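Here is a short tour of the structure below, going from its chains to their contacts and then to a few chosen details. Keep the sequence and the 3D view open as you read.

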Amino acid sequence: MNAGTKAAPLVLVVDDDAGLRRVLQATLEHYRYRVLTAGDGLEALQVLEQKRPDVILLDIDMPKLDGETLALKLRSHPDWHAIPLVMLTGLSGLGDQHLMATLGAAAYLQKPCPPEELVSAIQRAVP
Amino acid sequence: MSAPTPLGDEVLSRLSHELRTPLMSMKWGVNLLIENALGPTTRKQQEFLKTMEASIDHLTSLITNMLDLAKIEAGHMRLKRQRLDVAAVIEAVVRTVHPLLGYRRLHTELAPVPPVFGDATTLFQVALNLVANAIKFTADDGCITIHVAQRQQFVAVAVEDNGVGMAPEDLPKLFHKFTQLERQEGHHPGGAGLGLVVCKELVELHQGRIEVVSELRRGTTFTVLLPIYLESVALAARFQELMTAPRKPQDVIGLIAVDLSGAWAVTEDTTQQPHQHQDEFIQQIRQHVRPRDVVLPMTLPWVVVMIITSPDGPALVAQRLRDALPQGAQLRFGMATHPADGPTADALFATAQQRVGLLLLR
């Protein structure tokens, strides 16, 4: 559990699978996080115009605007470049680590990781 | 009839995504219910949820094996081989399987052996698969022993059980896809016969091999033979990986030879062997290079770092290491690049060693 007296960190979950978004939201709320959701990169940008999350949980393979492109946009944005990214993907393999280094992601997790692993990655990423 | 075309890397990656995303929804959804996060559940419901969780884990393992096999067969599996202590891998496997043992006994007999040239993640997967298999086919009061010993130029890891064993006519079929399911149908739950096929392929990617001896109702021993670490082989193999990795036209392969002898004096610790110092340096260096960069121990006092980079990249990396490492000021660096300084890793290393101390770092 994310104990403490200050406001719970706000996590923006970006994933195109509606079922997984719902489960991720319920799990993170169970761990006392506040959660925003977006179904793709474009929706995520709209959410970011309204609220600033403490960390973004980002799927890679999404329609309209994929996670890698969104991450690159965020990295070059004056207001959003410092928001930590935790990449979560079902894509297999090659170049994953390289991608993480290129995008400056705080963590790179492969689906289906255990909930504790994701929560621990978010805890480490939130300043 | 033509052979089936192997799936492309792009297709495999997409397939992986399409299969893993719903698996994650299922696993996490069931986990929420088990944790009573969505309201209280009854004991009976908990029993069913635990069964579902085990089935999801089994499905995940099956899909992982299938995708691994497809990746190997398509030639897309890339190993990250290092000088590796097999005992550490076995100890990690023992910790992982502990909850699965029930009343079975698990012993380890680890003779001192030289390091192997192996990919830690992959060899953990192989050893875990063999030990989990032994547990599955051994009675609740049975016994499993993991032996590690040197056999000529190999390190042999043997997983021995006193379980159900196999008939001699079954052994040749053991490493064929899906044959295990037929053999065990009606006798044992689980297992699609892919785990051992993946193990064999992964071990052969290490230039090793798997042997099996078994006797029906007496038990089975699987032995994995892995080549001992040889620095010339490791240097050439890791260089070749970088040669075949994607890179920009202007990029070079940079080799940085790091001479640790100066730092040795300031960290003199009589309780540690020199190679332990070297291992510590390597861990520190890894924290300051990219995950895909190569860091290899060579004959003391040398360590090699190999990277794909722009032509001035090696000097920048050396500078970064000197600034970031606690003993940085005592380290000496020499650099060489491919193609300018030679066609092989051996040639680059020799040139880089000759240039140690010539480059003035800030």
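## The two chains

In this predicted model, 48% of the 362 residues of chain B count as buried. Chain B holds 11 helices and 11 strands. Among its contacts with a separation of 6 or more, 70% are between residues 24 or more positions apart.

Chain A has 127 residues, of which 54% count as buried. It is built from five helices and five strands, and if you walk along it from the N terminus you will meet them in the order β-α-β-α-β-α-β-α-β-α. Here residues 24 or more positions apart make up 62% of the contacts with a separation of 6 or more.

## Where the chains meet

Now to the place where the two chains touch: 23 residues of chain B are in contact with 27 residues of chain A. Between them, the chains bury an area of about 2300 Å², and carbon and sulfur atoms give 66% of this. Three residues of chain B are worth picking out in your viewer: H17(B), M24(B) and W28(B) supply 30% of the area that chain B buries against chain A, more than any other three residues.

What kinds of polar pairing does the interface hold? The rule finds zero salt bridges across the interface of chain B and chain A, but four residue pairs in polar contact, with both residues at pLDDT 80 or more. On the side of chain B that touches chain A, α1 (9-34) and α2 (43-73) of chain B each supply at least two residues. The largest share comes from α1(B), with 15 residues. By type, the residues on this side of chain B divide into seven nonpolar, nine polar and seven charged.

## Salt bridges within chain B

Over all chains, the count of salt bridges comes to 15. One of them joins the side chains of D279(B) and R83(B), with N to O at 2.6 Å. D279(B) sits in helix α9 (residues 274-286) of chain B and R83(B) in strand β1 (residues 82-84) of chain B, so this pair ties together parts that are 196 residues apart in sequence. D279(B) counts as partly exposed, at 33% relative accessibility, and R83(B) also counts as partly exposed, at 25%.

Another salt bridge brings together the side chains of D259(B) and R332(B), at 3.2 Å from N to O. This pair too links distant parts of the chain: D259(B) belongs to strand β8 (residues 252-259) of chain B and R332(B) to strand β11 (residues 332-338) of chain B, 73 residues apart. Are the two partners buried or exposed? D259(B) is buried, with a relative accessible area of 5%, whereas R332(B) counts as partly exposed at 44% relative accessibility.

A further pair is E215(B) and R218(B), whose side chains meet in a salt bridge at 4.0 Å, N to O. E215(B) counts as partly exposed, with 45% relative accessibility, while R218(B) is exposed, with a relative accessible area of 57%.

## Two helices up close

Let's finish with one helix from each chain. Helix α1 of chain A covers residues 18-30, and at 1.5 Å a residue its 13 residues should span 18 Å; the end C-alpha atoms are 18 Å apart, which agrees. At the start of α1(A), a side-chain oxygen of D17(A) reaches to within 3.1 Å of the backbone nitrogen of G19(A). Along the helix, L20(A), R21(A), V23(A), L24(A), T27(A), L28(A) and H30(A) are buried. Just after α1(A), R32(A) takes a positive phi of about 70°.

How far apart are the end C-alpha atoms of helix α10 of chain B? They are 16 Å apart, in agreement with the 16 Å that its 12 residues (residues 313-324) should span at 1.5 Å a residue. The buried residues in α10(B) are G313(B), P314(B), V317(B), A318(B), Q319(B) and L321(B).

Technical notes:
Residues numbered from 1 in each chain as written. Chains lettered and ligands numbered in written order. Heavy atoms only, no water. Helix = DSSP H or I, 4+ residues; strand = E, 2+ residues; numbered from the N terminus. Expected span 1.5 Å × (residues − 1). Buried < 20%, exposed > 50% of the residue type's maximum accessible area, 1.4 Å probe, protein only. Contact = heavy atoms within 4.5 Å. Buried area = accessible area lost by both parts, 1.4 Å probe. Polar contact = N/O pair within 3.5 Å; in protein donor to acceptor, adjacent residues only side chain to side chain. Nonpolar A, V, L, I, M, F, W, Y, C, P; charged D, E, K, R; others polar.
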